[in-house]
Amino acid sequence: MEHVMEQIINGLQLGFMYALIALGYTMVYGVVQLINFAHGDVFMVGAFVGYFGFAVWGLPLPLAIVNAMVICAILGMVIEKIAYRPLRYAPKIAALISALGVSLFLEYFSSLKFVFGPDYRVVPRPIHEVHWHILGIPITNIQVMVIVVVLVMLLLLQLLIYRTRIGMAMRTVAVDHNAARLMGVNVDNTISLTFAIGSAFAALGGVLYAIAYPQIQPFMGIMPGLKAFTAAVLGGIGIIPGAVIGALIMGQVETLTAAFISSQLRDAIAFAILILVLLIRPTGILGRSQTEKV
Amino acid sequence: MKISRQTIMLLILAAAFFALVKGLQFAGVLNAYWQLVLDQALVTVIGALGLSLIYGFTGQFSLGHAAFYGLGAYTAGAIDIVYGNGNIIFFFVSILAGAALAGLVALLIGLPILRLRSDYLGIATLGFGIIVKVGMDNANKLIPVLGGATGMSGTPQTAHFDLIFILVLIIILLVRNFVFSTYGRACTSIREDEIAADIMGIDTTRFKVLAFVLGCSLAGLAGGIYAHRYPFLHPASFDFLKSFDFLLIVVLGGLGSMTGTIVTAIGWGFLMEVLRAVLGENFIDWRGVIYALILIVAIILRPQGLFSGKELGLLLPRPLQTGQGKERSHAGTGS
């Protein structure tokens, strides 16, 4: 039983990290209907910048995290400006291809020797891992940190989106660009900001990931990015609570499969569940089915 | 049977291309290495035409094309390893078996998931691709000859340029005839507007599944040929990154254009190798960076692709009549 609880906690940790990445996917999809394939690589850059912050430059951990978030927010805005904005009103697939290009660019550019280098780096733990038993549940301080930080960030995001003018602008742009413009919303800035927030969340996810699974390299973003994106689709893409629900499900499925069935079948079962869910609910768990007008 | 002037012109062009390659071979310009690059580019043409049918002409977003390519490759390779002995007959038997298996799997998976729309369909096919990749990684536990995560080698290398070239030519003609048949027209109408097509009396499910099965069989066929031209198969060669390769060939070529798919498939096949040759030892690390930049710049400059909805006159079954090119100029608006 303790083993099961331990795995569930591990799954929760993984799920919350997926949630941080999935939020960026889902927010960007909400405002520009683009699957931002480069998002997983922004996550990777976040992990590296965080690692450099606390392990190489000797910054305190919170400062290293903020630093990574700011740099990735800027990176996200630059990517949007250069690679997606010229294609905003082109066929949707064009922006998707551009996103693939950006993804490859970030991966290969980061692999260059004078950037991050192609090799695995072992991340030293910025804090000592302490094992606790809370109500008989084995948990580490790092897991507690991850879960608390993510919950606080989710709360902040919820406040931002539903309680501020910026959030209102984002929700408006998500409905209709032209109508938003007519209402006096600066659509370009709002989209930029959405990318910035999404990328900052990915960076936070990256740093936490590097602390929890202490090994990083330039292609580390591909799989978590794909899983997080799948989580966003599972929950209903464009819907923020959906991304969190989807991510928690992905985290549990993956960890429990790896622990009790087979670690090699982990990905297969996660994606099989995705396909099954989509067959039953074609727009995800919380997705609303759209009536098509003729 | 009356053969149209377009077909004859196409065959003449193909013969000229063939003669050019033979000439280059004879002059020693085309060494074994570049011959392999060319052959693989031609194999990619077949696979990419498959995705072109599914996505370019029928508008069904698939991100799992490489899975079918891989299924074909492994099936054909395994059959030829176990039963074949380098005999050319087994080449044909095994690649047809590969295509058939890919088509059968496409039918089974396509019937349920083709109900999904655009990005959701893309992600379901992507997920299917990942499941197939996991299957390939563990396939040796059921069938040892498949090699699993360590890869499979030993397929007789019976394919060569002449054979591949003729197969590509046949496939191009078949795809052309399909696209311009009533079936192809039905598929195109689904891409343009599924509801309108439905109202016009087109059984949309049937045609979506048909295009998907045909396209995936072509991927399987391409995979089978690949197995006979490249001695080492590895699951990593058939993961979702390979699916993205097919996707970007079809999109950069221009949706709804066979010409675009063929030209881009060959160009894309050579790009990486040309970059390798141009950059040399010292700058080889930059290859991926430059490749990515070319991709971004190309799509920003031509968001609709090189030949969106247009065809080289030779690939039309009949001479172009006035207005015939216009009606398909909206290709690429779907996603």
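Start by selecting Tyr108(A): its relative accessibility is 28%, so the residue counts as partly exposed. The coordinates come from a predicted model.

Keep that residue shown and add Phe219(A), which at 28% relative accessibility also counts as partly exposed. The two ring centres are 5.6 Å apart and the planes stand at 80°, so this is an edge-to-face pair; the angle class needs over 60 degrees. Now colour by secondary structure. Tyr108(A) belongs to helix α4 (residues 92-111) of chain A, while Phe219(A) is in the loop between β4 (215-216) and α9 (222-235) of that chain, so the pair ties together parts 111 residues apart in sequence. Over all chains, the count of aromatic pairs comes to 34.

Move to chain B and select Tyr69(B), Tyr74(B), Tyr226(B), Tyr230(B), Phe238(B) and Phe246(B). These residues form one aromatic cluster. From Phe246(B), add Lys242(B), which lies over the face of that ring at 5.4 Å from the ring centre. For another charge over a ring, select Arg206(B) and Phe207(B): the charged end of Arg206(B) sits 5.1 Å from the centre of the Phe207(B) ring.

Next, select Leu247(B) in helix α10 (residues 240-253) of chain B. Its relative accessible area is 0%, so Leu247(B) is buried. Show what surrounds Leu247(B), leaving aside neighbours within four places in sequence: the contacts are Ile93(A), Leu96(A) and Ile97(A) from chain A, and Leu51(B), Tyr55(B), Phe61(B), Ser62(B) and Leu63(B) from chain B. Then draw a C-alpha distance from Leu247(B) to Ala48(B); it reads 7.8 Å, for residues 199 apart along the chain.

Then display helix α3 (residues 65-82) and helix α4 (residues 88-113) of chain B. Their axes come within 8 Å and cross at roughly 140°, and the crossing is right-handed. On the α3(B) side, the contact includes Phe68(B), Leu71(B), Gly72(B) and Ile79(B); on the α4(B) side, Phe90(B), Phe91(B), Leu101(B) and Ile109(B) are among the residues met. By class, this contact has 13 nonpolar, four polar and one charged residues.

Finish at Asn138(B), in the loop between α5 (118-137) and β1 (152-153) of chain B. Is this residue buried or exposed? At 14% relative accessibility, Asn138(B) counts as buried, because the cut-off for that class is under 20%. Show chain A as well: apart from residues up to four places away in sequence, Asn138(B) touches Gln264(A) and Leu265(A).

Terms used: Residues numbered from 1 in each chain as written. Chains lettered and ligands numbered in written order. Predicted model: local features only at pLDDT ≥ 70, side-chain atom pairs only at ≥ 80, totals over all residues. Heavy atoms only, no water. Axes fitted to C-alpha atoms, helices over the stretch in contact; angles between N-to-C directions. Helix = DSSP H or I, 4+ residues; strand = E, 2+ residues; numbered from the N terminus. Left-handed = near helix turned anticlockwise from the far one by under 90°. Contact = heavy atoms within 4.5 Å. Nonpolar A, V, L, I, M, F, W, Y, C, P; charged D, E, K, R; others polar. Phe/Tyr/Trp six-rings, centres within 6.5 Å; stacked < 30°, edge-to-face > 60°. Buried < 20%, exposed > 50% of the residue type's maximum accessible area, 1.4 Å probe, protein only. Lys NZ or Arg CZ within 6 Å of the ring centre and 35° of its normal.
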